[in-house]
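Subject: Structure handover and findings

Hello,

Here is the structure we talked about handing over. Please open it first; my notes on what turned up follow below.

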Amino acid sequence: MKTSARMFHALIAGLALSLAAAAPGLAADAPAASPAPELPVSDFARFPLLSDVVMSPDGKYLAGSYEVDQTAGTNSKFQLIVFALPSLKVTARLNFSPWHMPGLITWVGPTRLVVSENKVTGSLAAEQPTGDIIALNADGSQQRMLYSIAARGTPGASFNMMDMVNGNPTVVGPTHEMNGHVFIELHPFPMNVSQHDESAHRTILYDVDSVSGYPKQIAEIDKGQAGFFVHDDKPLLAISHDRQLNEVVYLPDGHGGWKLAPAGVFGKVFEPLDVTPGGKGLYALYSAMGGPQELIRCAFDGSGKQVLASNDFGSVNRVLWSPRERRMPIGVTFTATFKDGVPAVDYLSNDRWAQIHQALMKAFPGEYIGFGGMSDHGSTILIHAYSNRDPGEYALFDSKTMHLQPLMQVMPWFKPGQLAAREPIRFKNSAGMELDGYISFPVGVPHKNLPLILLPHGGPISIRDSWAYASDAEQLAGFLANRGYAVLQVNYRGSGGRGLDFQHLGYRQFATGIQSDLTEGVQWAIAKGYADPNRICVFGASFGGYSSLMQPIVAPKLYKCAIDYAGVSDWRIEMDRSVYSHIDTGNTSYAQYIGTRADAKAISPLFMLDRFNVPVLIMQGGADNIVPPQNAERLRDKLEAMHKPYEWLWFGNEYHGFQTEPHLLAMFNKVQAFLARYIGPGAGTTAH
């Protein structure tokens, strides 16, 4: 029986009140009237138990990456786990070896899914694909290795796997029919050691039966590391990059090959998202000249562009969609655009799905409501509610009865109101450039004259700090604010979310413009009265660790201490030893971002330590291949030779950022003691 229009609007009208009453666990936090107690350090040394949650197309199952034992000493152990809905009964578990975990999880049918395997490379780095792709049913049966770099060519490898070339695989997605098939791209390995081997400069697309493993080649392009956009089981576009890392788009030539799209048609950024209803055009993220990315609709060849959503300051960063049967964008959010402290939603329609989302947002003020997944016809919606002080909760929403059923919390050990809110800020630097960021204040403490920690993010190019309490940087900010410190995060020039032009402003500015933006952010906090100018420390990881070493050099009177967590002290080490130094794109990036080896030395703090005069805590993993440990070792040795104060925390088996709970516990305890020693304890906290 279909819901009448009158009944539907009546349900929507009463939805906010009924949802708030039915699901109090999702309600927004009330402001604290007194300082929050210090939470156990262990609360901040834990990652979400379940991540990358994906709902099956019929709405009957959830699959996600589950960390089995965070206290496993030197090992991180993960499973792919499948739950039946709504009971959350576990129907399947797929174990991964230590330091390996589920990567992309893709449902290819109502009861069948495909998962790639990733290797954990540290809490500060994205996991790296191993080249293994596995298929299984929702009940764990009919498991099949669809591809494996390690197993390919061994006696145990299937004949079907050998029908695909030897290379790096990438899961593209399911077929339109959701019939158990999956599209897999392969980027062939060179036939010999020459980097100019032509066989490596190809990308091949296969349609693979996930049950039998049988592959059918459906496309090939003589461009390495290309990505295909597929609709109705046909590749419509291929997107690659030239030697200077500029995006290049190719169109089918009508003869089974590819032709370069006319100059300028697809702009500087073009990211196809989905086809329009009827399959006659595309929805895409687009930037004509390098400004913030817009949401557009266009023909397959890029013509007939219609802008659906744009913003002068930031790019479209979230798109809300209607169900798969008639998939359309119903709303977007933009980078650093907020309403009542929550990402502002620009609704593109007033259909039932937009109305449902608006009602959910009104029901839970202070929370952002994401559609984490939908059944094909939209009868079941996976809701992800989260905020700047709440890691979030998943719930099921029945769009027919308007019933909301809470499922699970992302980090259930945090209770409402315990974590500090990360408040959005904007200010102009001395050059008149408007910058955004976040400041976290201790809960229940006046926002005045607080000890301040500057927490610069990593990257630096294309990475940014975000509003949601979700990533490693936000976990650090939450811990520091809980210890009574104000925490400042600045999205300096070069950061992501504001278009290519803004990213390019960070090129050749690692030691100059970027550091100036950070310094001026601290000066802004002082001028606002938020920060005690005599109690300021800088604490950064990766490129943020580099900034932690540079800030006391460029602003010697501003800081009392610095914390360098897996940071760069000598950019020449990166050029010689980093994992990125072994690939062409990495070396191109170094040349664009930094310049020559002489330029790299000139911006390296290791050679400016005569101007570095604050105590520093150095924390490093010995197996780090992104910021190799020689950065920390040479920094320590030179500080010792110069009789400058430092403290040291080293774990030989950790990668880029500590991953295991015992090591994270040690880190947080070390940081807390270091800060108390050099800028005093935080404001207004009480013992737990």
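Start at H384, which stands opposite Y394 in β28. Please keep in mind throughout that this is a predicted model.

**Around β27**

H384 belongs to the stretch 380-386, strand β27. All seven of its seven residues are buried, so β27 is largely enclosed by the rest of the structure. Both faces are covered. T380, L382, H384 and Y386 lie on one side. I381, I383 and A385 lie on the other.

β27 has antiparallel links to two strands that I looked at. With β28 (residues 393-398) the pairing runs over six bridges. With β26 (residues 368-374) there are six bridges, and the two strands run antiparallel. H384 turns up here too, since G370 of the β26–β27 pair stands opposite H384.

Both hairpins have a glycine with positive phi. Between β26 and β27 there are five residues, and G378 has a phi near 80 degrees. Between β27 and β28 there are six residues, and G392 has a phi near 115 degrees.

G392 has a second role in these notes. The count comes to two cavities of 30 Å³ or more. The second largest has a volume of about 30 Å³. G392 is one of its lining residues, along with D390, P391, Q409, V410, M411, P412 and F414.

**β35 and helix α12**

Next, β35 (561-565). Five of its five residues are buried, and the strand is mostly covered. C561, I563 and Y565 point one way, and A562 and D564 point the other way. The partner here is β34 (residues 531-541), paired with β35 in the parallel sense over five bridges. Within that pair, G540 stands opposite D564.

β35 also meets helix α12. The buried residues of α12 are Q630, N631, A632, L635 and L639. They pack against β35, and also against α8 (543-554), α9 (571-577), β36 (616-621) and β37 (646-651).

Does the length of α12 fall short of what is expected, or agree with it? The helix covers residues 630-641, twelve in number. At 1.5 Å a residue it should span 16 Å, and its end C-alpha atoms are 16 Å apart, which agrees. Just after α12, H643 takes a positive phi of about 60 degrees.

**Two open sheets**

Strands of a sheet pair through backbone hydrogen bonds, either parallel or antiparallel. Both sheets below are of the antiparallel kind.

One has four strands in the order β5-β6-β7-β8, and the sheet is open. β5 (100-109) and β8 stand at the edges with a single partner strand each, so one side of each is left without a neighbour in the sheet. Neighbouring strands are turned by 30 degrees against each other on average, direction ignored. β5 pairs with β6 (residues 112-119) in the antiparallel sense over seven bridges. There, K119 in β6 is the bridge partner of H100.

The other has four strands in the order β17-β18-β19-β20, and it is open as well. Its edges are β17 (269-275) and β20 (306-309), each with a single partner strand, so one side of each is left without a neighbour in the sheet. Here the average turn between neighbouring strands is 35 degrees, direction ignored. β19 (residues 294-298) is joined to β20 by three bridges, and the two run antiparallel. I296 stands opposite V307 in β20.

**A loop residue: Q142**

Where does Q142 lie? It is in the loop between β7 (128-137) and β8 (144-147). Q142 is partly exposed, with a relative accessible area of 49%. Leaving aside neighbours within four places in sequence, Q142 is in contact with R112, A135, L136, N137 and V211. R112 is 30 residues away along the chain, and the C-alpha atoms of R112 and Q142 are separated by 9.3 Å.

**Where to look**

For a quick tour, begin with the buried strand β27. Then go to G392, in the hairpin of β27 and β28 and in the lining of the second largest cavity. Move on to β35, against which buried residues of α12 pack. Finish at Q142, in the loop between β7 and β8.

Best wishes

Notes:
Residues are numbered from 1 along each chain as its sequence is written. This is a predicted model: local features need pLDDT of at least 70, side-chain atom pairs count only at pLDDT 80 or more; totals for chains, interfaces and linings use all residues. Side-chain values use heavy atoms; hydrogens and water are left out. Two strands pair if DSSP finds at least two bridges between them. Axes are lines fitted to C-alpha atoms, for helices over the stretch in contact, and angles run from 0 to 180 degrees between N-to-C directions. The expected span of a helix is 1.5 Å times one less than its number of residues. Buried means under 20% relative accessible area, exposed over 50%, partly exposed in between (1.4 Å probe, protein chains only). Contact means heavy atoms within 4.5 Å. On a 1 Å grid over the protein atoms alone, a cavity is a set of points where a 1.4 Å probe fits but cannot get out, and a pocket is an open set with protein on both sides within 12 Å along at least five of seven lines; lining residues have an atom within 4 Å of a point. Grid points are joined across faces, edges and corners, and a volume is the space filled by probe spheres set on the points.
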